Amino acid sequence: MLWETARLALRAILRNALRSFLTVLGIVIGVASVIAMVTVGQGSQAQVTADVAKLGTNILMLRPGGRGMAPGPGGGASVARPFDLRMVARLEHGLDEIETAAPVSNGTATVVAGGENYRTQITATDARYLEAANWPLVAGRNFTEAEARSGAAACILGETVRREIFGGLDPIGQSLRLEAMSCKVIGLLAAKGASSFGSDQDDVVLMPIRTFQRRIAGNDDVGTVYIRVADGVATEDAAVAITYLMREIRRIGPEEEDDFDVIDMKQLASMLTQITGVLSGLLAAVAAVSLLVGGIGIMNIMLVSVTERTREIGIRLAVGAQARQVLMQFLVEAIVLSLMGGVLGIVLGLGLAAVAARFMAIPFTPDPAVVLLAFAFSALVGVIFGFFPARAAARLDPIEALRHE
Amino acid sequence: MAGDPPLIRLRGVTRLYGQGAAEVRALDGVDLDIARGEFVAIMGPSGSGKSTAMNVIGCLDRPTSGQYLFEGVEIAGLDRDQRALLRRNYLGFIFQGYNLLPRTSALDNVELPLIYKGMPRAERIARALEALEMVGLKGREHHDPSQLSGGQQQRVAIARALAGDPRVLLADEPTGNLDTRRSVEIMDLLVSLRRQRELTIVMVTHEDDMAAYADRIIWMVDGRIDSERRNGKVA
């Protein structure tokens with residue numbers, strides 16, 4: 001009987017194909033947006049996790065700043081003292097917990113070569129950076145220790161910079177101008193693509209930090225220290241040891257707050273995951289509202305349908321249908337309708353997510369549990385919003401219904 | 001046959017609509033016996049209660065008071081769903097406006113009551129085809145009502161009413177929308193089916209020509225049976 005009812009419902013729906021489609025459009029859009037949001041959200045979480053895994057979970061980042069160093073209301077009165085290379089060296093040699101400590105400074109500069117002109121990011125560092133960042137070269141070579149120490153005018157290009165400046169030419173051995181300095185290209189980085197936040201990681205020029213300090217920044221500052229923790233040492237323990245040593249190096253009194261931050265990449269990762277999770281949850285909640293609206297659309301059209309088909313209901317009652325059977329018929333019709341909407345929405349949502357994943361360079365990871373949930377939810381929408389019209393149909397008086405025009 | 005209770009027995013059946021000053025006595029103490037196999041026509045001016053009588057006999061409506069015995073069983077107090085079961089298993093209806101499901105083939109229309117009987121699909125189709133052949137619509141099983149003439153539509157309705165093998169056929173102005181020739185064809189069909197199937201027919205009509213096909217004509221006025229006349233013809 002249920003199968004029979006479903007078959008009849010399907011027939012009634014197909015009899016009015018266009019109207020049925022318009023009716024379920026709300027459900028289609030609602031389900032599609034939920035599926036797309038959640039799938040993209042999960043993809044970017046996977047991306048963040050993968051990024052961090054690539055970087056290594058045994059990395060700590062050290063930055064000037066700290067809790068007491070937030071800019072006060074008076075303006076930038078409380079800027080943290082910058083780091084310098086001597087401090088980095090003391091830190092690296094002073095602690096067994098640290099395997100390497102790579103100084104990094106960032107800046108921007110205009111690159112000029114052969115009439116081409118391009119503004120890009122500078123990452124100034126030393127010879128250990130590529131290994132620390134797990135970033136291979138596709139051509140040329142890394143800085144030598146000597147080049148790093150002496151501040152040689154050598155640079156390594158990211159893929160985007162190479163494309164913008166040199167096009168199809170081989171950049172290795174070429175010279176380019178970075179602001180006021182001339183610089184020789186010695187290496188080319190492997191393309192990485194966009195980061196978790198959509199910035200182009202290949203839009204970069206690497207150079208020795210001493211060169212950057214002397215020729216571009218005009219100071220001895222070091223922006224950040226990337227610390228690789230020695231094997232077998234917990235990053236939490238290393239962070240404590242680093243904090244103690246840093247307070248000593250920077251002569252911070254017992255009453256004073258730290259003027260630096262130790263950032264654990266692991267914590268950063270879980271924070272990022274949390275943020276993307278909250279964001280995609282929020283978006284999914286908004287999408288869920290459109291599901292509600294879609295459900296009301298179904299209820300509306302089913303009520304219209306009950307009115308239009310009053311005579312049909314009368315006929316069914318006359319030939320011996322019981323109230324329960326009429327109720328079931330309209331309820332099943334609403335459920336079949338919203339399930340069709342749900343399936344269409346799932347297909348559309350996964351399609352959208354696949355396209356978005358491609359553009360955002362994140363993995364496309366459809367989650368069967370989410371798909372199943374969306375399917376079940378659209379059935380539930382049918383039950384909830386179909387019940388009221390179905391009950392209205394079942395309560396019709398057979399004589400009145402037969403007389404209805 | 002004399003010792004059997006009548007198939008249908010109404011005693012003091014009253015049906016009130018509305019309340020207080022607006023109260024309408026659609027039926028006012030109707031006593032009526034209809035024997036098994038009898039063909040009864042109910043006539044009367046509009047508002048005389050003939051349709052209400054038909055609805056009560058057809059279990060579409062229930063009396064406000066009085067007795068309704070069907071095959072000797074009291075059924076006046078049955079609820080909606082119980083009356084639906086009675087209609088499903090013992091009664092068949094045809095209407096002035098045919099009341100076929102639109103955009104639904106003749107076959108599917110005739111199948112409808114069998115679905116509610118819970119008959120398996122193959123058997124249902126066989127029964128429906130048989131019923132359509134019986135009313136002379138073989139070859140039109142897959143036509144929609146819109147593709148059929150009025151007389152053909154009423155034949156589909158008759159097939160639908162009889163597919164479930166009911167005891168009583170209730171006909172509400174069955175020829176009201178048809179011209180004289182089609183009307184005669186439909187009445188001839190009803191009479192011949194009645195003979196083949198020992199069917200009891202209760203028909204509401206306001207046309208004397210159609211009432212003439214019945215064994216007995218009941219004339220209603222103001223919710224009461226005013227007079228009764230037996231036709232000379234023996235069915």
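**Two chains, held to their definitions**

Colleague: How many salt bridges does the rule count over all chains?

Modeller: The count is 29. This is a predicted model: local features need pLDDT of at least 70, side-chain atom pairs count only at pLDDT 80 or more, and totals for chains, interfaces and linings use all residues, while side-chain values use heavy atoms and leave out hydrogens and water. Residues are numbered from 1 along each chain as its sequence is written, and chains are lettered from A and ligands numbered from 1 in the order in which they are written.

Colleague: Why is the pair B:Glu71 and B:Arg167 called a salt bridge?

Modeller: The rule wants a side-chain nitrogen of Lys or Arg within 4 Å of a carboxyl oxygen of Asp or Glu. The closest N and O atoms of B:Glu71 and B:Arg167 are 2.6 Å apart. The pair therefore meets the rule.

Colleague: What does the pair B:Glu71 and B:Arg167 tie together?

Modeller: Two loops of chain B. B:Glu71 sits between β4 (65–70) and β5 (73–74), and B:Arg167 between α5 (150–163) and β7 (168–172), so the pair joins parts 96 residues apart in sequence. Helices (H or I, at least four residues) and strands (E, at least two) are DSSP runs, numbered from the N terminus.

Colleague: Which salt bridge crosses from chain B to chain A?

Modeller: The rule finds one across that interface. The side chains of A:Arg11 and B:Asp108 meet at 2.5 Å, N to O. The interface also has 11 residue pairs in polar contact, both residues at pLDDT 80 or more. A polar contact is a pair of N or O atoms within 3.5 Å; within protein, one must be able to donate a hydrogen and the other to accept it, and residues adjacent in sequence count only if both atoms are side-chain atoms.

Colleague: Which elements of chain B touch chain A?

Modeller: Those giving two or more residues are α2 (80–90), β6 (91–95), α3 (106–116) and α4 (121–134) of chain B. The largest share, six residues, comes from α2(B).

Colleague: How many residues are in the contact, and what area is buried?

Modeller: With contact meaning heavy atoms within 4.5 Å, chain B gives 25 residues and chain A gives 27. The buried area is about 2,300 Å², with 53% from carbon and sulfur atoms. That is accessible area (1.4 Å probe) lost on putting the two parts together, summed over both.

Colleague: What makes chain A more spread out than a compact globule?

Modeller: The globule rule is 2.2 Å times the number of residues to the power 0.38, with the radius of gyration taken over C-alpha atoms. For 405 residues it gives 22 Å; chain A has 32 Å, well over that, so chain A is more spread out. Its C-alpha atoms fill a box of roughly 100 × 55 × 45 Å along the principal axes.

Colleague: How does chain B compare with a compact globule?

Modeller: It agrees: 235 residues call for a radius of gyration near 18 Å, and chain B has 18 Å. Its C-alpha trace spans about 50 × 40 × 35 Å along the principal axes.

Colleague: Why are residues 327–357 of chain A called "transmembrane region"?

Modeller: The name comes from UniProt (unreviewed entry), which also lists 21–40, 278–306 and 369–388. Such annotations may be inferred rather than shown by experiment. In the model, residues 327–357 are 100% helix and 0% strand, with end C-alpha atoms 44 Å apart. Residues 369–388 are also 100% helix, with ends 30 Å apart.
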